Amino acid sequence: MSLRAETGVPAGSPTVVVDGVTLAYDRRGEGPPVVCLTAIQHGARDFDALAARIAHRFEVIRLDWPGHGRSGADSQPASAARYGALLAGFLEALDIREPILVGNSIGGG
C-alpha cells in the first residue's frame with residue numbers, strides 16, 4: 001500500500017465520480033451530517049479521532065481530495081474554487097443537505 005493511500009479513507013471505501021474525478025469517501029455514524037475536508041498532502045485519516053468521538057451523534061463523512069488518499073487524479077489544478085466545485089458536486093451526488101463542514105487549510109477555505 002502506498003503512503004498516500006494510507007493517509008486516506010479505509011480500503012474498500014465507496015467512491016463517486018464528480019466532474020470526471022473519482023472521489024473516495026467514508027461514512028459512519030448517524031445524525032446530522034458532518035463533512036470533513038483536509039489540507040493538501042493529507043487524507044481523511046486526519047479525522048479518525050474526530051469520527052470516533054462524534055459518530056454516536058453525527059454522520060461523519062470524510063472525503064479524500066483528488067490525488068490524495070484513495071481518490072483519483074484531477075486534470076485541473078488544485079484551488080479553493082476547484083475544490084469548492086467538487087465539494088458541491090459531491091454533496092449533490094450523495095444527497096447531503098445542510099452539512100456541517102469541518103476543514104483545515106484548503107479544506108477550511
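This short talk is about helix 3, the aromatic pairs that involve it, and two residues with positive phi.

Please keep in mind throughout that what we are looking at is a predicted model. Let me start with the helix itself, which runs over residues 80-93, counts 14 residues, and spans 20 Å between its first and its last C-alpha, close to the 20 Å expected at 1.5 Å a residue.

Which residues of helix 3 are buried? They are R82, Y83, L86, L87, F90 and L91, and because they cover an arc of only 165 degrees around the axis, they sit on the same side of helix 3. If you turn to the face that points away from this buried side, you will find the exposed residues A81 and E92 there. As for what covers the buried residues, the cover includes strand 1 (15-18), strand 2 (21-29), strand 3 (33-37), strand 4 (59-63) and strand 5 (100-103).

Now to the aromatic rings, where a search of the whole structure finds two pairs. One of them is formed by Y25 and F90, and its geometry is edge-to-face, with 5.4 Å from centre to centre and 75 degrees between the planes. Since Y25 belongs to strand 2 and F90 to helix 3, this pair ties together parts that are 65 residues apart in sequence. Both Y25 and F90 are buried.

The other pair joins W65 and Y83, and here the rings are stacked, at 4.2 Å centre to centre and with 20 degrees between the planes. W65 lies in the loop between strand 4 and helix 3, whereas Y83 lies in helix 3, so the pair ties together parts that are 18 residues apart in sequence. Both W65 and Y83 are buried as well.

Let me finish with the backbone, and with what happens just after helix 3, where D95 takes a positive phi of about 55 degrees although D95 is not a glycine. This residue, D95, is found in the loop between helix 3 and strand 5, and strand 5 is, as I said, among the elements that cover the buried residues of the helix.

A positive phi also occurs at D19, again a residue other than glycine, with a value near 50 degrees. Where is D19 found? D19 is in the loop between strand 1 and strand 2, and because its relative accessibility is 54%, where exposed means over 50%, D19 counts as exposed.

How values were computed. Residues are numbered from 1 along each chain as its sequence is written. This is a predicted model: local features need pLDDT of at least 70, side-chain atom pairs count only at pLDDT 80 or more; totals for chains, interfaces and linings use all residues. Side-chain values use heavy atoms; hydrogens and water are left out. Helices (H or I, at least four residues) and strands (E, at least two) are DSSP runs, numbered from the N terminus. The expected span of a helix is 1.5 Å times one less than its number of residues. Buried means under 20% relative accessible area, exposed over 50%, partly exposed in between (1.4 Å probe, protein chains only). The arc is that of the directions from the helix axis to the C-beta atoms. Contact means heavy atoms within 4.5 Å. Rings of Phe, Tyr and Trp (its six-membered ring) pair if their centres lie within 6.5 Å; planes under 30 degrees apart count as stacked, over 60 as edge-to-face and the rest as tilted.
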